[in-house]
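Visitor: Could you walk me through this one? I'd like to begin with how you decide what is at the surface, and then move inward.
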Amino acid sequence: MTDLSRRERKKKETREKIFSNAMQLFRLQGFNATSVEQITQHADVGKGTFYNYFSTKEAIILEFSRLTWQELVSKGRQKPSLSTRQRLEILLMDWAEFMMKDREIAWVTIRNREGSDYDMSLHYALLAILTVGQQNSEISREFDPAFLAESLEGMMIQHFIRWFVSGVGDLQEEVNDALAILLDGLSEKQQA
């Protein structure tokens, strides 16, 4: 691996400075209340420099969510001995915890799900876990794993939106219930 040139190091440092200052301001005063001008002042860079690294404030949030979701996915890969259900539960609980902890930032991420900047790592993590679950006969092969991943992700997003807008409920519990519905189906269990 080659060392970064002085110029590349400086560019990386500038990007990280803008990113960390923006995230600090978003958490301190809120996303909507933070302007690009405030970010550039706080990071001690010009507006042009900001736009060389990030096209919008939302781009910073999308970068943050991409990094966070990749970290969650990576964490889940460290436990391959767990069952499919356990791996999904851990991933979904970690996701819900992130969404609750950084509520406003998570909202911006969900609002900006469309477009080429949207990170698909959460979807691909769900897809990978569900595919392995089918291969291990833990999950029915009746449905395409991509369809199952989209369905579960859609349920997660919808529960987050309802939780965010209403301000009530336990997001982790709701996401866990959504997973149970998907994995167990809707049929009543027969009492033995």
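Guide: A residue is called exposed when its relative accessible area is over 50%, buried when that value is under 20%, and partly exposed in between. Please keep in mind that this is a predicted model.

Visitor: Okay, so is Ser137 buried or exposed?
Guide: Ser137 has 61% relative accessibility, and because the cut-off for exposed is over 50%, Ser137 counts as exposed. Ser137 sits in the loop between α7 and α8, and its phi is positive, near 60 degrees, in a residue other than glycine.

Visitor: What about Asp44, where is that found?
Guide: Asp44 belongs to the loop between α2 and α3, the latter covering 47-53. Its phi is positive as well, at about 60 degrees, although Asp44 is not a glycine. With 65% relative accessibility, Asp44 counts as exposed, and its C-alpha atom is separated by 8.6 Å from that of Ile18, a residue 26 places away along the chain.

Visitor: Let me step back a bit. How many helices and strands does the chain have?
Guide: The chain has nine helices and zero strands, so the order of elements from the N terminus, given that helices are numbered from that end, is simply α-α-α-α-α-α-α-α-α. Of the 192 residues in the chain, 39% count as buried. Among contacts between residues at least 6 apart in sequence, 66% join residues that are at least 24 apart.

Visitor: Take α1, then. What span should its 24 residues have?
Guide: At 1.5 Å a residue the expected span of α1 is 34 Å, and the C-alpha atoms at its ends are 34 Å apart, which agrees. Several residues of α1 are buried, among them Thr14, Ile18, Phe19, Ala22 and Phe26. Just after α1 comes Gly30, with a positive phi of about 100 degrees.

Visitor: Which residues touch the most other members of the largest nonpolar core?
Guide: That core has 49 residues, and those touching the most other members are Phe26, Ile60, Trp95, Leu126 and Phe160. At least two residues of this core come from each of α1, α2, α4, α5, α6, α7, α8 and α9, with α8 supplying the largest share, eight residues.

Visitor: And what does Ile60 touch?
Guide: Leaving aside residues up to four places away in sequence, Ile60 touches Ile18, Phe19, Ala22, Met23, Phe26, Ile39, Phe50 and Phe54. Ile18, Phe19, Ala22, Met23 and Phe26 in that group are buried residues of α1.

Visitor: Is Ala59 buried or exposed?
Guide: Ala59, which lies in helix α4, counts as buried because its relative accessibility is 17%, and the cut-off for buried is under 20%. The C-alpha atoms of Ala59 and Phe19 are separated by 9.8 Å, with their positions 40 residues apart along the chain.

Visitor: Switching to empty space: how much of it lies in the largest pocket?
Guide: The largest pocket holds about 270 Å³ of space. Its lining is made of 13 residues, and Ile139, Ser140, Leu148, Leu182 and Leu183 are the ones that lie nearest its centre.

Visitor: Which helices supply that lining?
Guide: At least two lining residues come from each of α5 (84-101), α8 (145-166) and α9 (171-184), and α8 makes the largest contribution, three residues. By class, the lining of the largest pocket has seven nonpolar, three polar and three charged residues.

Visitor: What about the second largest pocket, which residues line it?
Guide: The second largest pocket, with about 220 Å³ of space, has a lining that includes Arg27, Phe64, Glu71, Lys75, Asp94, Phe98 and Asp102. The elements giving two or more residues to that lining are α4 (57-77) and α5, and α4 gives the most, six residues.

Visitor: How many charged residues are in that second lining?
Guide: Seven of them are charged, alongside four nonpolar residues and one polar residue. In the lining of the largest pocket, for reference, the charged residues number three and the nonpolar ones seven.

Key. Residues numbered from 1 in each chain as written. Predicted model: local features only at pLDDT ≥ 70, side-chain atom pairs only at ≥ 80, totals over all residues. Heavy atoms only, no water. 1 Å grid on protein atoms, 1.4 Å probe; cavity = no way out; pocket = protein on both sides within 12 Å on 5 of 7 lines; lining within 4 Å. Points joined across faces, edges and corners; volume = space filled by probe spheres on them. Helix = DSSP H or I, 4+ residues; strand = E, 2+ residues; numbered from the N terminus. Nonpolar A, V, L, I, M, F, W, Y, C, P; charged D, E, K, R; others polar. Core = buried A, V, L, I, M, F, W, Y, C linked by side-chain atoms within 4.5 Å. Buried < 20%, exposed > 50% of the residue type's maximum accessible area, 1.4 Å probe, protein only. Contact = heavy atoms within 4.5 Å. Expected span 1.5 Å × (residues − 1).
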